[in-house]
Amino acid sequence: MTKKIESEFKSPAHIGDIVYKVLVTLGIFLFSFSFVLVLVWMALNSLRVQKSYFNKPYAFWDLKGATFDNYVQIFTMKYGASRATMWVMLKNSLVMIVVCTLLQAVIPVITGYVVARYRTKLGSLAEQFVIISMVIPAIGSTASTYAFMTAIKLKNTWAGIFLMNAGGIGFGMLLYKNYFASISWEYAESAFLDGAGNLRVFFNIMYPQAMPLIVSMGILSVIGLWNDYMTPYLYLNSKPTVALGVYTIQTIAEGRSAMPQAFAAMSFMTVFVLILYASFSKTIMSSMSVGGLKG
């Protein structure tokens with residue numbers, strides 16, 4: 001019996017399996033380490049003075065004369081044509097995040113529920129349209145979207161930004177559609193027997209059951225909106241957000257060879273995302289695996 005176990009352990013298939021697991025683990029470790037190294041390099045360089053970084057840009061451990069002046073400068077200086085400070089940009093980011101996330105937490109849920117529960121040709125067409133649109137690069141519609149927003153005079157307004165985020169047809173609709181398709185319809189039938197209408201069934205029974213997925217999608221939406229600089233750059237340049245401000249700071253810093261200021265702005269922007277994702281990573285992954293990808 002012992003010889004049989006030893007022979008199986010020493011078999012080429014078993015050895016190959018061990019080697020494969022070691023290589024995969026090592027690859028994941030190196031991949032993760034590369035990200036951590038970049039973050040550490042950026043954070044430490046944000047504390048260096050311009051001369052020190054210019055002389056030794058890769059010696060991030062050289063913190064002689066380390067200072068927080070770079071952070072003070074990015075919060076006190078005014079940037080762009082609107083001459084906005086980082087505090088104003090932070091306020092604009094919060095306005096966009098709160099309103100757009102609320103819109104995305106309601107409208108795609110409704111369309112996903114309708115497509116899942118009321119099988120019609122229009123619903124099937126909408127589902128196929130979403131799948132096809134995910135294959136086509138979104139950048140291809142930028143010119144037409146810009147022209148349309150300018151024509152209806154919603155460019156450079158909050159209403160235009162909110163309208164662009166109020167669409168119910170998209171990837172979120174597919175996730176909610178799959179989620180509601182996996183929920184038993186008996187809950188709704190019992191409510192209908194008690195005299196409840198369609199709206200009451202949706203908001204009182206179905207919507208609360210989808211709350212874990214809604215929260216996860218909301219967190220991902222917050223991260224996406226926080227990092228989005230292209231939308232404010234094209235459609236809301238009079239009210240710059242933090243992402244657009246960091247992009248502006250980086251552009252100015254590259255011209256002045258003052259990269260530590262740019263690293264300070266990037267570090268500030270990154271800390272928000274890291275804290276948010278670290279706090280809700282389990283919620284995001286559990287909701288995606290349970291509700292979003294079934295069916």
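Good morning, colleagues. I begin with helix 11, residues 186-193, which packs against helix 12 at an angle of about 145 degrees, the two axes lying 10 Å apart. Please note that this is a predicted model. I give both values because two packed helices are described by the angle between their axes and the distance between the axes. The crossing of helix 11 over helix 12 is right-handed.

Which residues make this contact? Helix 11 contributes Y187, A188, A191 and F192, while helix 12 contributes N198, V201, I205, M206 and Q209. By character, the residues of this contact comprise seven nonpolar and two polar ones, with no charged residue.

I turn now to the aromatic residues. The structure holds 22 aromatic pairs. One of them joins F180 and F202 in a tilted arrangement, with 6.4 Å from centre to centre and 55 degrees between the planes. F180 belongs to helix 10, residues 171-181, and F202 to helix 12, residues 198-209, so this pair ties together parts 22 residues apart in sequence. Are these two residues buried or exposed? Both F180 and F202 are buried.

The same two residues also belong to a cluster linked by ring pairs, whose other members are Y113, Y118, Y179, W185, F192, F203 and Y207. F192 thus appears here as well as in the contact between helix 11 and helix 12.

Finally, I consider helix 10. Nine of its eleven residues are buried, so helix 10 is largely enclosed by the rest of the structure. The buried residues are G172, M173, L174, L175, Y176, K177, N178, Y179 and F180. Thank you for your attention.

Note on methods: Residues are numbered from 1 along each chain as its sequence is written. This is a predicted model: local features need pLDDT of at least 70, side-chain atom pairs count only at pLDDT 80 or more; totals for chains, interfaces and linings use all residues. Side-chain values use heavy atoms; hydrogens and water are left out. Rings of Phe, Tyr and Trp (its six-membered ring) pair if their centres lie within 6.5 Å; planes under 30 degrees apart count as stacked, over 60 as edge-to-face and the rest as tilted. Helices (H or I, at least four residues) and strands (E, at least two) are DSSP runs, numbered from the N terminus. Buried means under 20% relative accessible area, exposed over 50%, partly exposed in between (1.4 Å probe, protein chains only). Axes are lines fitted to C-alpha atoms, for helices over the stretch in contact, and angles run from 0 to 180 degrees between N-to-C directions. A crossing is left-handed if the near helix is turned anticlockwise from the far one by less than a right angle, and right-handed if clockwise. Contact means heavy atoms within 4.5 Å. Ala, Val, Leu, Ile, Met, Phe, Trp, Tyr, Cys and Pro count as nonpolar, Asp, Glu, Lys and Arg as charged, and the others, Gly among them, as polar.
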